[in-house]
Amino acid sequence: MPANSQLWQISVDVTTAFDAATTNTFDIGDGTTADKYADALDVSSAARLLATSDVSQLGNLVDIGTTDVDVTVTYNQTGTAATAGAATVTVLYLQNRNLS
């Protein structure tokens, strides 16, 4: 994302459910902090998910800072490893909308 942007919405379209035996979640972050924008989104069912953020993450959405940021997705699985899973993550942002 370009510097001084505001993250407006993150959606995850799970087209094929992830099927690890116990845990199937996505964290969305910036490459330094894995869950900076969203934490533990359940991707074990095919669905559209809108990422929600807790209070500690809200400031990260309002102002990404003065340098460009790469958005990363980390797949977390536990139990027997997944043999299936597909998703598209979409990040909507407002450019040059630094609100801090």
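## Briefing: two sheets, one helix and an aromatic cluster

Let's start with Tyr75, which is partly exposed because its relative accessible area is 26%, a value that falls between the 20% limit for buried and the 50% limit for exposed. Tyr75 belongs to one aromatic cluster together with Phe18 and Phe26. Please keep in mind as you browse that this is a predicted model. The chain holds 1 helix and 6 strands, and two open sheets of 3 strands are described below, one ordered β3-β2-β5 and one ordered β4-β1-β6.

**Overall build**

- Reading from the N terminus, you meet the elements in the order β-β-β-β-α-β-β.
- The radius of gyration is 14 Å, which agrees with the value near 13 Å that a compact globule of 100 residues would have.
- The C-alpha trace spans about 45 × 20 × 20 Å along the principal axes of the chain.
- Of the 100 residues in the chain, 30% are buried.
- The chain has an accessible surface of about 5600 Å², and carbon and sulfur atoms account for 49% of this surface.
- Take the contacts between residues at least 6 apart in sequence: 75% of them join residues at least 24 apart.

**The β3-β2-β5 sheet**

- Strands β3, β2 and β5 make an open sheet in that order, and the pairing is antiparallel.
- At the edges of this sheet are β3, residues 38–42, and β5, residues 72–78, and each of these strands pairs on one side only.
- On average, neighbouring strands here are turned by 25° against each other, with direction ignored.
- Strand β2 covers residues 23–29 and is joined to β3 by 3 bridges, the two strands running antiparallel.
- If you would like a residue pair to look for, Ile28 has Ala38 in β3 as its bridge partner.

**The aromatic cluster**

- How many aromatic pairs are there? The count comes to 3.
- Phe18 and Phe26 form an edge-to-face pair, because their planes stand at 70° with the ring centres 5.3 Å apart, and the cut-off for edge-to-face is over 60 degrees.
- Are Phe18 and Phe26 buried or exposed? Both are buried.
- Phe26 also pairs edge-to-face with Tyr75, at 6.2 Å centre to centre and 85° between the planes.
- Since Phe26 sits in strand β2 and Tyr75 in strand β5, this pair ties together parts that are 49 residues apart in sequence.
- Phe26 has a relative accessibility of 6%, so Phe26 counts as buried, the limit being under 20%.

**The β4-β1-β6 sheet**

- Strands β4, β1 and β6 form an open sheet of 3 strands in this order, with antiparallel pairing.
- The edge strands are β4 (47–50) and β6 (86–94); each has a single partner strand, so one side of each lacks a neighbour in the sheet.
- From one strand to the next, the twist averages 15°.
- β1 and β4 share 4 bridges and pair in the antiparallel sense.
- Which residue of β4 is the bridge partner of Val12? The partner is Leu49.

**Ser11 in strand β1**

- You will find Ser11 in strand β1, which covers residues 6–16.
- With a relative accessible area of 9%, Ser11 is buried.
- Leaving aside residues up to four places away in sequence, Ser11 touches Leu49, Leu50, Thr88, Val89 and Thr90.
- Leu49 therefore turns up twice in this picture: as a residue touched by Ser11, within the 4.5 Å contact limit, and as the bridge partner of Val12.

**Ile64 in the loop after the helix**

- Where is Ile64? Ile64 lies in the loop between α1, residues 55–62, and β5.
- Ile64 counts as buried because its relative accessibility is 10%.
- Ala3 is 61 residues away from Ile64 in sequence, and the two are 6.7 Å apart in space from C-alpha to C-alpha.
- Apart from residues up to four places away in sequence, Ile64 touches Met1, Pro2, Ala3, Asn4 and Ser5, along with Tyr37 and Val69.

Terms used
Residues are numbered from 1 along each chain as its sequence is written. This is a predicted model: local features need pLDDT of at least 70, side-chain atom pairs count only at pLDDT 80 or more; totals for chains, interfaces and linings use all residues. Side-chain values use heavy atoms; hydrogens and water are left out. Two strands pair if DSSP finds at least two bridges between them. Axes are lines fitted to C-alpha atoms, for helices over the stretch in contact, and angles run from 0 to 180 degrees between N-to-C directions. The radius of gyration is taken over C-alpha atoms; the globule rule is 2.2 Å times the number of residues to the power 0.38. Buried means under 20% relative accessible area, exposed over 50%, partly exposed in between (1.4 Å probe, protein chains only). Accessible areas come from the Shrake-Rupley method with a 1.4 Å probe; for residues, only the protein chains shown count as cover. Rings of Phe, Tyr and Trp (its six-membered ring) pair if their centres lie within 6.5 Å; planes under 30 degrees apart count as stacked, over 60 as edge-to-face and the rest as tilted.
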